[in-house]
Amino acid sequence: MKLYIYDHCPFCVKPRMIFGLKHIAVTDIVLLNDDVQTPTRMIGRKMVPILEQDGHFMGESMDIVAHVDAMDGKPLLTGPTRPEITAWMKEMHEPYLNLTLPRTAATPLPEFATTAARLYFIRNKEEMVGPFCQRLAESPALIARINAALPRLAGLIRSPGAVNGQLSTDDIHLFPFLRNLTLVAGIVWPAPVRAYATHMAQATGIPLLDSMAA
């Protein structure tokens, strides 16, 4: 099996997580961010992640997660979900995007291996959040919002190994969110949140991005 991804992409982290948690072999293939032709050939549009299996292609991150989780008849993501987790991420979505997208554009990740690929990302994401220089200038206030909200998330985490005490789709959504936030220097991580992110990185084999924090 092959999984076509961008390393920074939180939607791509989701299927990477289930492969890692279940110890199922997969080959990750990182596409250049401006490669429109490859994903369009596979699923008819420029979108990742894409799973290739036995000559067939599947898009949509959570469809891939559900497919892989069910493959061996022993699903892992059987725990309960809580609306509080979703609500926290929704509340933090705007500062999250405004902090992480400009920093992502400056990383040495393989999807940005060419200048054209990096500029493609910058152009498209600035259409979403506005000029990166302005968002970076707002970083102190945005970081303050995240820091003020993280203790509330800490109070929701029931175990480093699963936010609700048993692995669920809440973990598949929360870890990619936190992973991208590790790009942001100045965030103060409450111990339960840091322990959770660290454990999930180790359990899935998907490293955090602290080494590139700015």
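Start by selecting L97, N98, L101 and T104 in α5, then add F121, K125, M128 and V129 in α6: these two groups meet, where contact means heavy atoms within 4.5 Å. The model on your screen is predicted, so local features need pLDDT of at least 70 and side-chain atom pairs count only at pLDDT 80 or more, while totals for chains, interfaces and linings use all residues. Residues are numbered from 1 along each chain as its sequence is written, and side-chain values use heavy atoms, with hydrogens and water left out.

By class, this contact of α5 with α6 has five nonpolar, two polar and one charged residues. (Nonpolar covers Ala, Val, Leu, Ile, Met, Phe, Trp, Tyr, Cys and Pro; charged covers Asp, Glu, Lys and Arg; the others, Gly among them, are polar.) The names α and β come from DSSP runs numbered from the N terminus: helices are H or I with at least four residues, strands are E with at least two.

Now show both helices whole. The axes of α5 and α6 come within 10 Å and cross at roughly 165°. That makes α5 roughly antiparallel to α6. Angles under 35 degrees count as roughly parallel, over 145 as roughly antiparallel, 65 to 115 as roughly perpendicular and the rest as oblique. The axes are lines fitted to C-alpha atoms, for helices over the stretch in contact, with angles from 0 to 180 degrees between N-to-C directions.

Keep α5 (residues 93-104) and add α8 (residues 139-156): they pack at about 130°, with axes 9 Å apart. That makes α5 oblique to α8. To see the contact, pick E94, P95, Y96, N98, L99 and R103 on α5, plus S139, L142, I143, R145 and I146 on α8. By class, there are six nonpolar, two polar and three charged residues here.

Stay on α8 and bring in α4. Their axes are 11 Å apart, at an angle of about 175°. That makes α4 roughly antiparallel to α8. Click E84, I85, W88 and E91 in α4, which meet R145, A149, L150, R152, L153 and L156 in α8. This contact has six nonpolar, no polar and four charged residues.

Next, a look at empty space. Select C9, P10, F11, K125 and M128: of the 31 residues lining the largest pocket, these lie nearest its centre. (On a 1 Å grid over the protein atoms alone, a pocket is an open set of points where a 1.4 Å probe fits, with protein on both sides within 12 Å along at least five of seven lines; lining residues have an atom within 4 Å of a point.) Which helix gives the most to this lining? It is α5, with six residues. Colour the lining by class and you get 16 nonpolar, nine polar and six charged residues.

Two loop stops remain. Most residues other than glycine have a negative phi, and most peptide bonds are trans. Zoom to P49, in the loop between α2 (37-43) and β3 (50-53). The peptide bond from V48 to P49 is cis, with omega near 10°. Finish at H23, in the loop between α1 and β2 (27-30). H23 is not glycine, yet its phi is positive, near 55°.
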